[in-house]
Amino acid sequence: MAGAVATLTLGPAWLPGEARAQAADVTYFRIANGSTAGTYYPIGGIIASAISNPPGGAPCAEGGACGVPGLLATAVASAGSVANVEAVGSGRAESGFAQADVAYWAQTATGDFAGLPAIADLRAIAKLYPEALHIVARSDAPIRSLSDLRGMRVSLDEPGSGTLVDARLVLDAAGIADDEMTVLHLPAAGAAQAMQAGELDAFFFVGGYPAPAISQLAGQSPVRLIALDDAVMDRLTKERSFFTRDSLPAGTYRGNPDDVATLSVGALWITRADQPEELIHAITRVLWNDNTLRQLGYGHPIGRRIRPENAVTGIPIPLHPGAERYYREAGLLR
């Protein structure tokens, strides 16, 4: 059934009776992430591992899994935010990661989703971390500002990605049209490869920093991070309340010793309203336990920015009732 968690009612016939009973108790929960070169994918893998606790393992107190009893979560690669809201809305995934602006527009059929059917039953589990806009240019290209992208070969990321949505907003705010550039649609890893091969001058990426694809590229070929000017940031923060001023800290990427002014948007973990309240309550509780926070902190630099005190800030769609109940119990929501 669309949107429902897939739960086996019968174990495979070839399993012994006890094993069949255990298999019958497994609840499967997919987390749609992003490309393997972005930030969603590693964070999704860490969270999926942390919240899983299928039958038959050792108890948490004895060094076993500390997740939701009976849950088996999996991280699934995808094109990104737009693909994820569509997958969650259609029931092809139980949950997924999405930029706050993309989730809101999809849920309300506004913005870039105007004219499309609203995915009205999207609900939030948590805000995870801020996603920063990166504009990466070859260091030997004559690109020092957004206006210098005119006449250049520029990748805006692939269809289905939140990066493509936000890249177009930034370019519109700067008054730059597609036909003033040679536009490509490559995911971050493909864009990095094309740049290293001399086939691309610049590319956009929206995600937590440091992004693996950009870090690897900067370690092999000199790159320059392009700052946004005040006029563009003022226009977008006034018109689009999802954006906040941010910066890519000095030294985040090799060869970029100064802070780079940019914008960020919240990364949400979303699900559907018809997911069971008790399940989402349990998942939310495990997301914010000490064990999961330790795994996030050790597993990826952006994981250290995933904190419970930020979990309900800047969420433009309704919380799932199970998540909302947890945050009220934890004193994070009043």
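Good morning. Leucine 228 counts as buried, because its relative accessibility is 4% and the cut-off for a buried residue is under 20%. I begin with this residue in what is a predicted model, and I shall work outwards from there.

Leucine 228 sits in the loop that runs between strand 9 (223-225) and helix 8 (230-239). What does leucine 228 contact, once its neighbours within four places in sequence are left aside? Its partners are Leu133, Ile135, Leu146, Val170, Met233, Ala261, Thr262 and Leu263. For a sense of how the chain folds back here, take histidine 134: leucine 228 is 94 residues from histidine 134 in sequence, and their C-alpha atoms are 9.6 Å apart in space.

Val170, one of those contacts of leucine 228, also takes part in a helix packing. The axes of helix 5 and helix 8 come within 9 Å and cross at roughly 120 degrees. Helix 5 is therefore oblique to helix 8. Their crossing is right-handed. On the side of helix 5, Leu169, Val170 and Ala173 make the contact, and helix 8 contributes Val232, Arg235 and Leu236.

A second pair of helices offers a useful contrast in description. Helix 6 (residues 188-196) packs with helix 7 (residues 212-220) at an angle of about 15 degrees, and their axes are 9 Å apart. Why are helix 6 and helix 7 called roughly parallel to each other? The angle is about 15 degrees, and angles under 35 degrees count as roughly parallel, so the description follows. Helix 6 also passes helix 7 in a right-handed crossing. The residues that meet are Ala188, Ala189, Ala192, Met195 and Gln196 from helix 6, with Ala213, Leu217 and Gln220 from helix 7.

I turn now to the nonpolar interior. In soluble globular proteins, nonpolar side chains tend to be buried together. The largest nonpolar core in this model has 85 residues, and the members that touch the most others are Ile47, Phe204 and Trp269. Which strand gives the most to this core? It is strand 5 (residues 122-138), with 9 residues. There is also a second, separate core of 22 residues, and its members include Ala188, Ala192, Leu225 and Leu248. Two of these names, Ala188 and Ala192, have already appeared in the contact of helix 6 with helix 7.

Helix 3 (residues 81-90) deserves a brief word. Its buried residues are Ser81, Val82, Asn84, Val85, Ala87 and Val88. After helix 3 comes glycine 91, which has a positive phi, near 85 degrees.

Next, the charged side chains. Side chains of opposite charge can pair when their charged atoms come close. How many salt bridges does the structure hold? The count is 15, and I shall describe three of them, then a network.

Aspartate 178 pairs with arginine 168, with their closest N and O atoms 2.6 Å apart. Aspartate 178 lies in the loop between helix 5 (162-173) and strand 7 (182-184), while arginine 168 belongs to helix 5, so this pair ties together parts that are 10 residues apart in sequence. Both partners are partly exposed: aspartate 178 has a relative accessibility of 31%, and arginine 168 has a relative accessible area of 29%.

Arginine 325 forms a salt bridge with glutamate 278, and here the closest N and O atoms are 2.7 Å apart. This pair links distant parts of the chain, since arginine 325 is in helix 11 (residues 321-329) and glutamate 278 is in helix 9 (residues 277-287), 47 residues apart. Arginine 325 is partly exposed at 25% relative accessibility, whereas glutamate 278 is exposed at 53%.

The third example joins the side chains of glutamate 309 and arginine 307, at 4.0 Å from N to O. Arginine 307 is partly exposed, with a relative accessible area of 33%. As for the network, salt bridges with shared partners connect Arg138, Asp140, Arg153 and Asp201.

I close with leucine 333, in the segment after helix 11. Is leucine 333 buried or partly exposed? At 22% relative accessibility it counts as partly exposed. Apart from neighbours within four places in sequence, leucine 333 is in contact with Val312, Leu319, Glu324, Tyr327 and Arg328. Leucine 333 and aspartate 179 are 154 residues apart in sequence, and their C-alpha atoms are 47 Å apart in space. Thank you.

Key
Residues are numbered from 1 along each chain as its sequence is written. This is a predicted model: local features need pLDDT of at least 70, side-chain atom pairs count only at pLDDT 80 or more; totals for chains, interfaces and linings use all residues. Side-chain values use heavy atoms; hydrogens and water are left out. A nonpolar core is a set of buried Ala, Val, Leu, Ile, Met, Phe, Trp, Tyr and Cys residues joined through side-chain atoms within 4.5 Å. Buried means under 20% relative accessible area, exposed over 50%, partly exposed in between (1.4 Å probe, protein chains only). Helices (H or I, at least four residues) and strands (E, at least two) are DSSP runs, numbered from the N terminus. Axes are lines fitted to C-alpha atoms, for helices over the stretch in contact, and angles run from 0 to 180 degrees between N-to-C directions. A crossing is left-handed if the near helix is turned anticlockwise from the far one by less than a right angle, and right-handed if clockwise. Contact means heavy atoms within 4.5 Å. Angles under 35 degrees count as roughly parallel, over 145 as roughly antiparallel, 65 to 115 as roughly perpendicular and the rest as oblique.
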